[in-house]
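Q: Please take me on a close tour of one part of this model, beginning at a single loop and working outwards to whatever surrounds it. I am new to this structure, so explain the terms as you go.

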Amino acid sequence: STDECFAVIDELQRLKVFYVNIGGGEPMLRSDFFPIVEYAVDHQVGVKFSTNGTLIDAEAARRLAAMDYMDIQLSIDGADASVNDLIRGEGSFAAARRAMDHLADADFGPFKISLVVTRHNVDQLDDFKALADRYGATLRITRLRPSGRGADVWDELHPTPAQQVQLYDWLVAHGERVLTGDSFFHLSGLGEPGALAGLNLCGAGRVVCLIDPVGDVYACPF
């Protein structure tokens with residue numbers, strides 16, 4: 001409930017947790033989304049959230065831009081509609097682009113464009129980076145995990161070994177301003193030591209934990 005979310009935020013504030021990452025599904029579907037995130041920011045707990053952008057209209061963008069510690073990750077799985085919409089549904093790429101436009105118009109600042117690398121979009125990494133640069137956004141790349149719906153599409157979408165090497169080479173060449181969240185720590189053994197400095201740990205229980213919808217706590221967010 002809303003009150004339970006407020007109580008969790010109060011506890012996180014006492015623990016000096018400095019931000020939460022609200023996931024989903026689509027977090028903005030909650031009718032109390034804005035009261036929760038505004039309560040968090042007002043209590044020194046910053047908010048990051050991942051969204052498909054469908055519900056970010058001009059008004060929502062202005063409201064989000066007015067908050068002190070708000071970080072938005074817009075999720076796409078293709079650098080164009082032909083690749084993205086096969087995975088995320090027809091019209092989803094256009095909706096994400098509209099959300100990017102609204103955030104830019106509201107002077108939100110450098111939001112993030114987040115993608116899961118699959119065997120269908122690994123050839124579009126340059127295009128993803130160009131899209132992020134166009135908006136002054138930060139590109140965030142993560143890996144497919146066999147969790148939730150990811151388990152159902154693992155065999156279809158998981159990058160091949162050759163594509164993993166392709167991704168490694170791209171990150172070495174272009175990754176200086178690209179975020180990975182250490183999600184590709186398994187690639188660190190492919191090349192010279194330090195070539196992908198930082199990609200050497202799983203954050204579970206070290207830098208992240210999960211509070212699930214019924215209040216249980218896990219080390220791994222997935």
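A: Asp107 sits in the loop that links helix α5 to strand β4. Helices (H or I, at least four residues) and strands (E, at least two) are DSSP runs, numbered from the N terminus. The model is predicted, so local features need pLDDT of at least 70 and side-chain atom pairs count only at pLDDT 80 or more, while totals for chains, interfaces and linings use all residues. Residues are numbered from 1 along each chain as its sequence is written, and side-chain values use heavy atoms, with hydrogens and water left out.

The phi of Asp107 is near 55°, a positive value in a residue that is not glycine. With 66% relative accessibility, Asp107 is exposed. Here buried means under 20% relative accessible area, exposed over 50% and partly exposed in between, using a 1.4 Å probe and protein chains only.

Now step back into helix α5, where you will find Asp101. This residue is partly exposed, at 35% relative accessible area. Its C-alpha atom lies 9.8 Å from that of Ile56, although the two are 45 residues apart along the chain.

Asp101 also helps α5 meet its neighbour, helix α6: the contact is made by Arg97, Met100, Asp101 and Ala104 of α5 with Leu131, Arg134 and Tyr135 of α6. By class, it has 4 nonpolar, no polar and 3 charged residues. Nonpolar covers Ala, Val, Leu, Ile, Met, Phe, Trp, Tyr, Cys and Pro; charged covers Asp, Glu, Lys and Arg; the others, Gly among them, are polar. The helices α5 and α6 (residues 125-135) pack at about 30°, with their axes 10 Å apart. That makes α5 roughly parallel to α6, a label for angles under 35 degrees (over 145 is roughly antiparallel, 65 to 115 roughly perpendicular, the rest oblique).

On the other end of the loop, β4 belongs to an open sheet of 5 strands, ordered β1-β2-β3-β4-β5 with parallel pairing. β1 (19-22) and β5 (138-143) are at the edges with a single partner strand each, so one side of each has no neighbour in the sheet. From one strand to the next, the twist averages 25°. β4 (residues 112-117) runs parallel to β3 (residues 70-75), and 3 bridges join them; strands count as paired when DSSP finds at least two bridges. Leu74, for example, has Ile113 in β4 as its bridge partner. Helix α5 (residues 92-105) packs on this sheet, touching β3 and β4, and its direction makes about 155° with that of β3. Axes are lines fitted to C-alpha atoms, for helices over the stretch in contact, and angles run from 0 to 180 degrees between N-to-C directions; contact means heavy atoms within 4.5 Å.

One more neighbour of α5 is worth a visit. In helix α3, the buried residues are Ala60, Ala61 and Leu64. They fall within an arc of 100° seen down the axis, so they line one face of α3; the arc is that of the directions from the helix axis to the C-beta atoms. These buried residues pack against α2, β2, β3 and α5, whereas the face turned away carries the exposed residues Glu59 and Arg62.
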